Amino acid sequence: MCPLDGVCNSVLLQPTKDAHGGNKRVFNRLGGGPSTAENKQKVCNYWRAGKCNRFPCPYLHRELPPPPGAANGTATKRFANNTWGRVGNNNRPIIKTEKLCRNWVQGNCMYGEKCKYLHSWTIGEGFRLLTQLEGHQKVVSGITLPSGSDKLYSGSKDETVRVWDCASGQCVGVINIGGEVGCMISEGPWIFVGVTNFVKAWNTQTNTDLSLSGPVGQVYAMAVGNDLLFAGTQEGAILAWKFNAATNCFEPAASLKGHNLAVVSLVVGANRLYSGSMDNSIRVWSLETLQCIQTLTEHTSVVMSLLCWDQFLLSCSLDKTIKVWVATESGNLEVTYTHNEEHGVLTLCGMPDSEGKPVLLCACNDNSVRFYDLPSFSERGKIFSKQEIRAIQLGPGGLFFTGDGTGQVRVWQWCNGPTATS
């Protein structure tokens, strides 16, 4: 980075000789001279960061158009006209990389405002931190807000589920699970907690408490679809249960096998169940037949999270990529865009901002969450944490929740009163 950032765009270091024959370094500011054919094709990095003060500037103050007929990312010709990864009409500037001050995190930075590192948990505008919920002793692996409830539930590897009052932010209950919480979801009044060798289920309205046996090893992911509860297990199987209203219990319905290693992500959409695994693959299952109809193998590491958005499937991996999939005319999924990150990606969450525009939240293993506009993938903000954020959950009225490796749960909100999400 230029040492005179904000004063000049760039400097040129040229060795010259003085009258006595000695060498010295002099800084010559690059002026606004005539543009060359080469720099006419280059985009000004300082314009991208919103800091260019040169007039005229020899570099472009706009994004280069894509080459004629070229496709974005790994798109094939069929998807050449899609808009994934292209900057939208708002031309939102790309936020440059920032580093959190470790001493500030510990409360003992001596440089104060003069510190060259970031003294803030966030970069960007449009969202704010409301409060922090303290109590868990280990990583928060699940957060959920059951329908019709005024309580927030958080599960942790400290073997507890904490119950938080949404009005006061106070912890009003601690449930000892007896094992590390691998994941947690809710459907209607039901809360499902995945632990080793079983799934814990209880109804927040009737206080019904059930244990669903069958899993072998830790339960890492769960999803609900077509009146079935699915659980991804450490051994690679996906177990399914169906609720029997007559007996008021969940009965085993199926066991979906195909993955060679643990299933760590599940999502339901478009009458399909999608599963991501430590075997680096994504399997697509029909909800009607519960048969695997396609296996996707484009990722090169663990598929950590899956998200259905519009007609697209988004997947992220420790291979430092987010892939966007779309169905072809044959019905099979193909990658239409690949977004590259500097770090492994842990979880995805989609939500509307305060204006109702779609935003992707992307938690990475550098202790940050990045905010991207969709479908352009223009970066618009970041959240930092002391340790990795492993759980992100939407709430009503523009609220969203994050849980990190220290056990801390944070409550955030989009500014200017965004529309409620479920």
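**View A. The side chain of Thr-406 reaches the backbone nitrogen of Gln-408 at 3.4 Å.** The model shown in this and the following views is predicted. Thr-406 sits in the loop that links strand β30 (399-404) with strand β31 (409-414). The side chain of Thr-406 is also joined to that of Asp-404 by a polar contact of 2.6 Å. Thr-406 counts as partly exposed because its relative accessible area, 27%, falls between the limits of 20% for buried and 50% for exposed residues. Beyond four places in sequence, Thr-406 touches two groups of residues: His-136, Gln-137 and Lys-138, together with Lys-386 and Gln-387. Glu-388 lies 18 residues from Thr-406 along the chain, and the C-alpha atoms of the two are separated by 8.3 Å.

**View B. Thr-402 is a buried residue of strand β30.** The relative accessible area of Thr-402 is 2%, under the 20% limit, and the residue is therefore classed as buried. A polar contact of 3.1 Å connects the side chain of Thr-402 with that of Trp-412. With neighbours up to four places away in sequence set aside, the residues in contact with Thr-402 include Ile-143, Ile-389, Ala-391 and Ile-392. Gln-408, Val-409, Arg-410 and Trp-412 are also among the contacts of Thr-402.

**View C. The largest cavity holds about 40 Å³ of space.** Rolling a probe the size of a water molecule over the atoms reveals where empty space remains. Across the whole structure, the search finds one cavity of 30 Å³ or more. The lining of the largest cavity consists of Phe-384, Ser-385, Ile-389, Thr-402, Gly-403, Asp-404, Gln-408 and Arg-410. Strand β30 supplies the largest share of this lining, with three residues. Two residues of the lining, Thr-402 and Asp-404, also appear in the preceding views: Thr-402 makes a polar contact with Trp-412, and Asp-404 makes one with Thr-406.

**View D. Ser-154, in strand β6 (residues 151-156), is buried.** Its relative accessible area is 0%. The side chain of Ser-154 forms a polar contact of 2.9 Å with the side chain of Trp-164. Beyond four places in sequence, the residues that Ser-154 touches include His-136, Val-140, Gly-142 and Ile-143. Thr-160, Val-161, Arg-162 and Trp-164 are likewise touched by Ser-154, as are Met-184 and Val-409. His-136 is also touched by Thr-406, and Ile-143 and Val-409 are also in contact with Thr-402.

**View E. Leu-129 belongs to strand β4 (residues 127-133).** With a relative accessibility of 32%, Leu-129 counts as partly exposed. Apart from residues up to four places away in sequence, Leu-129 touches Arg-410, Val-411 and Trp-412. The C-alpha atoms of Leu-129 and Gln-413 are separated by 6.6 Å, although the two residues are 284 residues apart along the chain.

**View F. Strands β25 and β26 form a hairpin with five residues between them.** Gly-356, in the turn, has a positive phi of about 80°. β25 (residues 345-352) is mostly covered, as six of its eight residues are buried. β25 and β26 (residues 358-364) run antiparallel and are joined by seven bridges. Within this pair, Cys-349 stands opposite Leu-361, and Pro-352 has Pro-358 as its bridge partner.

**View G. Five strands make up an open sheet in the order β3-β28-β27-β26-β25.** The pairing in this sheet is antiparallel. β3 (122-124) and β25 stand at the edges with a single partner strand each, so one side of each has no neighbour in the sheet. From one strand to the next, the twist averages 20°.

**View H. The chain as a whole contains two helices and 31 strands.** Of its 422 residues, 46% are buried. Among contacts in the chain with a separation of 6 or more, 41% are between residues 24 or more positions apart.

Note on methods: Residues are numbered from 1 along each chain as its sequence is written. This is a predicted model: local features need pLDDT of at least 70, side-chain atom pairs count only at pLDDT 80 or more; totals for chains, interfaces and linings use all residues. Side-chain values use heavy atoms; hydrogens and water are left out. Helices (H or I, at least four residues) and strands (E, at least two) are DSSP runs, numbered from the N terminus. Buried means under 20% relative accessible area, exposed over 50%, partly exposed in between (1.4 Å probe, protein chains only). Contact means heavy atoms within 4.5 Å. A polar contact is a pair of N or O atoms within 3.5 Å; within protein, one must be able to donate a hydrogen and the other to accept it, and residues adjacent in sequence count only if both atoms are side-chain atoms. Two strands pair if DSSP finds at least two bridges between them. Axes are lines fitted to C-alpha atoms, for helices over the stretch in contact, and angles run from 0 to 180 degrees between N-to-C directions. On a 1 Å grid over the protein atoms alone, a cavity is a set of points where a 1.4 Å probe fits but cannot get out, and a pocket is an open set with protein on both sides within 12 Å along at least five of seven lines; lining residues have an atom within 4 Å of a point. Grid points are joined across faces, edges and corners, and a volume is the space filled by probe spheres set on the points.
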